[in-house]
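Good morning, and thank you for making the time. I should like to walk you through one structure, beginning inside the fold and then moving to the whole chain.

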Amino acid sequence: FQALFFKIDKLILATPLTDLLRTIKVEKEPTKIPGQPTWFMGLLDNHEQRIGVLDTGQLIFGKTIGQKRNLDSQPFQHILLSQDGKWGLACDELLSIGKLKPDTVRWRTLRKKKPWLIGTVIDELTAVIDINQLVPHRKTN
């Protein structure tokens, strides 16, 4: 299957292309909404659609490590849009689009803890993630 490879800090991740609508370059900061969790960076208007932008680092690494990042001095560069276009996952770098052979992935069967982690490409130490599991299941309006 085809996957997009991208980076959060020094971690290389991959997600199936079928889970993505598109990627966008961060040109302005999302509008912060008071009272939201720290991983919710705010709302961004893009092509007449409002996107909830999420701090992927916090969602993956957890609050303790994820919140150590100073977004003013080290802002995210790109946003991966979920298939429905309502959510965006902020990332540092888009690396490439490539093919992942299912037999090169060590698949996780029990996904109770970290349900977003589908498996790992052992040769490349790349985590394969399900971005739909990272996106919270709630309304943005």
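**A look at strand β5**

Val53 is found in strand β5. Helices and strands are here DSSP runs numbered from the N terminus, a helix being H or I over at least four residues and a strand being E over at least two. Before going further, I should state that this is a predicted model, in which local features need pLDDT of at least 70 and side-chain atom pairs count only at pLDDT 80 or more, while totals for chains, interfaces and linings use all residues. Residues are numbered from 1 along each chain as its sequence is written, and side-chain values use heavy atoms, with hydrogens and water left out.

Is Val53 buried or exposed? Val53 counts as buried, at 1% relative accessibility. The terms are these: buried is under 20% relative accessible area, exposed is over 50%, and partly exposed is in between, with a 1.4 Å probe and protein chains only. Setting aside neighbours within four places in sequence, Val53 is in contact with Pro30, Trp39, Phe40, Met41, Gly42, Leu44, Ile79, Gly88 and Ala90. Contact means heavy atoms within 4.5 Å. The C-alpha atoms of Val53 and Arg22 are separated by 14 Å, and these residues are 31 apart along the chain.

Gly52 also has its place in strand β5, which covers residues 49–55. With 0% relative accessibility, Gly52 counts as buried. Its contacts, again leaving aside neighbours within four places in sequence, are Phe40, Gly42, Leu43, Lys86, Trp87 and Gly88. By contrast, the C-alpha atoms of Gly52 and Pro16, 36 residues apart along the chain, are separated by 20 Å.

**Aromatic pairs**

Two of the contacts of Gly52, Phe40 and Trp87, bring us to the aromatic rings. How many aromatic pairs does the rule count? The count comes to 2. The rule takes the rings of Phe, Tyr and Trp (its six-membered ring) as paired if their centres lie within 6.5 Å; planes under 30 degrees apart are stacked, over 60 edge-to-face, and the rest tilted.

One is the tilted pair of Phe1 and Trp107, with 6.2 Å centre to centre and 40° between the planes. This pair links distant parts of the chain, 106 residues apart: Phe1 is in the segment before β1 (2–8), and Trp107 is in strand β9 (residues 105–107). Phe1 is partly exposed, with a relative accessible area of 34%, and Trp107 is partly exposed at 39%.

The pair of Phe40 and Trp87 is edge-to-face, at 6.4 Å centre to centre and 80° between the planes. Because Phe40 lies in strand β4 (residues 40–46) and Trp87 in strand β7 (residues 87–91), the pair ties together parts that are 47 residues apart in sequence. Phe40 and Trp87 are both buried.

**Around the N terminus, and two loop residues**

Phe1 appears once more through Lys99: not counting residues up to four places away in sequence, Lys99 touches Phe1 and Gln2. The C-alpha atoms of Lys99 and Gln2 are separated by 4.5 Å, although the residues are 97 apart along the chain. Lys99 lies in strand β8 (residues 93–99) and is exposed, with a relative accessible area of 66%.

Which backbone angle deserves attention at Lys114? Lys114 has a positive phi of about 55° although it is not a glycine. Lys114 is in the loop between β9 and β10 (117–121) and is partly exposed, at 42% relative accessible area. Leu125, likewise not a glycine, has a positive phi of about 50°. The loop between β10 and β11 (126–129) holds Leu125, which counts as exposed at 67% relative accessibility.

**The whole chain**

Finally, the overall picture. The chain has 3 helices and 11 strands, running β-β-β-β-β-α-α-β-β-β-β-β-β-α from the N terminus. Of its 141 residues, 44% are buried. Among contacts between residues at least 6 apart in sequence, 53% join residues at least 24 apart. The C-alpha trace spans about 45 × 35 × 30 Å along its principal axes.

The radius of gyration, taken over C-alpha atoms, is compared with a globule rule of 2.2 Å times the number of residues to the power 0.38. A compact globule of 141 residues would have a radius of gyration near 14 Å, and the 15 Å of the chain agrees. Thank you for your attention.
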